[in-house]
Amino acid sequence: MNEDLNDIFKDIPEIINSQYEMEEPNLPIEIYEGEFTLIQKENSVKVTGRIFFDWFPHQNVKFEGIINETEHTPFVSFDASEKLDLLINDIDFGIALLSNITRGQNVEVSGIIQGESVLGDKSIPVSKINFTIPNLIDLWGDTVKVLKENGVVQTCKNRVLFENDDFIITIDKSSKFKTLSTELSKKGGYVVLYVGELTKKTGSIEHDQLQELIYSFSIFLSFLNGRRCAPLFLQGTHANEVIWTDFTAYNTDQFKYVTSWCPKFSIDGMSELWQQFSIIWKNQNDKNFLDFLIHWYVEANGNSGYMEGSIIMAQIALELVYNWLIIEKKRLLIGKDGENISAANKIRLLLGQINLETVTPTAFENLKKFVDDNNELVDGVDAFVQIRNALIHSQEEKRKKLTNISSKIKYEAQQLSLQYIEYSLLSILGYKGKYYNRCSGKYYAGEGEEYIQYK
């Protein structure tokens, strides 16, 4: 880059890169090639082969190779149904399970690593963690620069910062995001779309202390994404040297288009949202609340169990928010009174606390007509609960009612319940940025975005 360009862009940070970025979806990630050791009780054998991260049929670290000829005999005593230790350069890599053994001129073995998979000595503290994130939605963030091979400098709005009391997490959207996300939508599966780095405000980072942070950040990202999403391929570095790399298959959903509450062109309030999430996460009971709520939200948002299953799971999520916020935290109802009110009134009480109207959104014409034409129903809350009850309580009369409810009405009731969940959690976390109102009837990028109206 010439000096003039260097001066112009000197204050713009360079985009973060990773050796584990992908050129197209679903490519295996090569981890190691060479000799490794399999140990079971007192027996051990040397294997020459490869270890790699594969996406299908499930995310797993896999191994395959040929047992050294001189060690066929001890391998005969191995129990293929029992676990083995896999070592690389005499350092534990992970717990292995054999999936295939082929005996011929050579003994070929293959299998998977169960649980944690770390290349290198994870007992050594590090100063920084580099990582990747597959399948995360498009977030327009702060400006970074990309240095091209021909000396051209490209700038893009790709950086999002998440900071809490202890850590600073920076993620950069790939400079190839548009191409990769287009391919992902065509092929499905997985592709790395973000690269990030994590640093601790004071002291070094120990691998054993990292797991809780990675888990909580994964749950948080899943709420942003509307699908499960987690950091992968965590590289612990110190003085620009890679000390260890964690290839554990933290849970990430295959690509599926879903609606997300995240605004398209704004990251205002995102770091503060993470900060408050981290504070609530510190209490074990509150951590369980966040964990379970986002689980049911993601399942409902992803249409697990199709539309009907999604509606049932959304009701479970709303019941959870009601109990945590209204009964446990605010203590607005005590004892049996909190249990005895109807499901619809529980939701209304919840919505009243977060300042969200119970009226049926005007954009949901089918649901509104369904309410207007049914004397038993007061609002969209009633409609949602009636549909849910017809699904759960399958008496003949309820099944008949359900048959007469169109898929459009069910869809709008589902979307309404998902908005209730999103708005509830954003309110609990004190979010001050914009959110996409999925009940607005607006679908173009940037439209339908509103600020939460606090009391």
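These are legends for several close-up views of a predicted model.

**Figure 1. The whole chain, before zooming in.** The model is predicted, and its chain holds 13 helices and 16 strands. Measuring tape in hand, you'd find that the C-alpha trace spans about 80 × 65 × 45 Å along its principal axes. Of the 455 residues in the chain, 50% are buried. The chain exposes about 22000 Å², with carbon and sulfur atoms supplying 48% of that. Take the contacts with a separation of 6 or more: 65% of them are between residues 24 or more positions apart.

**Figure 2. Helix α11 crossing helix α13.** Here we look at α11 (residues 380-392) and α13 (residues 407-428), whose axes come within 9 Å and cross at roughly 110°. With the cut-offs for roughly perpendicular set at 65 to 115 degrees, that angle makes α11 roughly perpendicular to α13. The crossing of α11 past α13 is left-handed. On the α11 side, the contact uses Gly380, Val381, Phe384 and Ile387, while α13 brings Ile409, Lys410, Ala413, Leu416, Ser417 and Tyr420. Sorted by class, the α11 and α13 contact comes to 7 nonpolar, 2 polar and 1 charged residues.

**Figure 3. Helix α7 against helix α9.** Next up are α7 (residues 306-329) and α9 (residues 343-353), packed at an angle of about 60° with their axes 10 Å apart. That angle makes α7 oblique to α9. As in the legend title, the pair is α7 and α9, and α7 passes α9 in a left-handed crossing. From α7, the residues in the contact are Gln315, Leu318, Glu319, Val321, Tyr322, Leu325 and Ile326. Facing them from α9 are Ala343, Lys346, Ile347, Leu349, Leu350 and Gln353. The tally for this α7 and α9 contact is 9 nonpolar, 2 polar and 2 charged.

**Figure 4. Helix α9 meets helix α11.** This view puts together two helices from the earlier figures: the axes of α9 and α11 come within 9 Å and cross at roughly 140°. Roughly antiparallel would take an angle over 145 degrees, so α9 counts as oblique to α11. This time the handedness is right: α9 passes α11 in a right-handed crossing. Look for Ala343, Ala344, Ile347, Arg348 and Leu351 in α9, which meet Val381, Asp382, Phe384 and Val385 in α11. The contact of α9 with α11 has 7 nonpolar, no polar and 2 charged residues. Some names should ring a bell: Ala343 and Ile347 of α9 also take part in the contact with α7, and Val381 and Phe384 of α11 also take part in the contact with α13.

**Figure 5. Gln415, a buried glutamine on α13.** Gln415 sits in helix α13. Its relative accessibility is 6%, so Gln415 counts as buried. Setting aside residues up to four places away in sequence, Gln415 touches Phe364, Arg438 and Cys439.

**Figure 6. Ser260, a loop residue that is buried.** You'll find Ser260 in the loop between β14 (241-246) and α5 (270-281). Although it belongs to a loop, Ser260 is buried, with a relative accessible area of 11%. Its contacts beyond four places in sequence are Ile137, Leu224, Asn225 and Tyr436. Ile137 is 123 residues away from Ser260 along the chain, yet their C-alpha atoms are separated by 8.4 Å.

**Figure 7. Gln19 and Asn26, two residues of one loop.** The loop between α1 (3-8) and β1 (29-40) carries Gln19, and Asn26 is found there too. Gln19 counts as exposed, at 57% relative accessibility. From Gln19 to Thr259 is 240 residues in sequence and 31 Å in space, C-alpha to C-alpha. Asn26 is the one to check for backbone geometry: its phi is near 70°, a positive value in a residue other than glycine.

**Figure 8. Backbone details at Asn303 and Pro57.** Asn303 is in the loop between α6 (284-301) and α7. Phi of Asn303 is near 60°, again positive in a residue other than glycine. At 29% relative accessibility, Asn303 counts as partly exposed. Pro57 is in another loop, the one between β2 (43-54) and β3 (60-67). Phe56 and Pro57 are joined by a cis peptide bond, with omega about -5°.

Methods. Residues are numbered from 1 along each chain as its sequence is written. This is a predicted model: local features need pLDDT of at least 70, side-chain atom pairs count only at pLDDT 80 or more; totals for chains, interfaces and linings use all residues. Side-chain values use heavy atoms; hydrogens and water are left out. Axes are lines fitted to C-alpha atoms, for helices over the stretch in contact, and angles run from 0 to 180 degrees between N-to-C directions. Helices (H or I, at least four residues) and strands (E, at least two) are DSSP runs, numbered from the N terminus. Angles under 35 degrees count as roughly parallel, over 145 as roughly antiparallel, 65 to 115 as roughly perpendicular and the rest as oblique. A crossing is left-handed if the near helix is turned anticlockwise from the far one by less than a right angle, and right-handed if clockwise. Contact means heavy atoms within 4.5 Å. Ala, Val, Leu, Ile, Met, Phe, Trp, Tyr, Cys and Pro count as nonpolar, Asp, Glu, Lys and Arg as charged, and the others, Gly among them, as polar. Buried means under 20% relative accessible area, exposed over 50%, partly exposed in between (1.4 Å probe, protein chains only). Accessible areas come from the Shrake-Rupley method with a 1.4 Å probe; for residues, only the protein chains shown count as cover.
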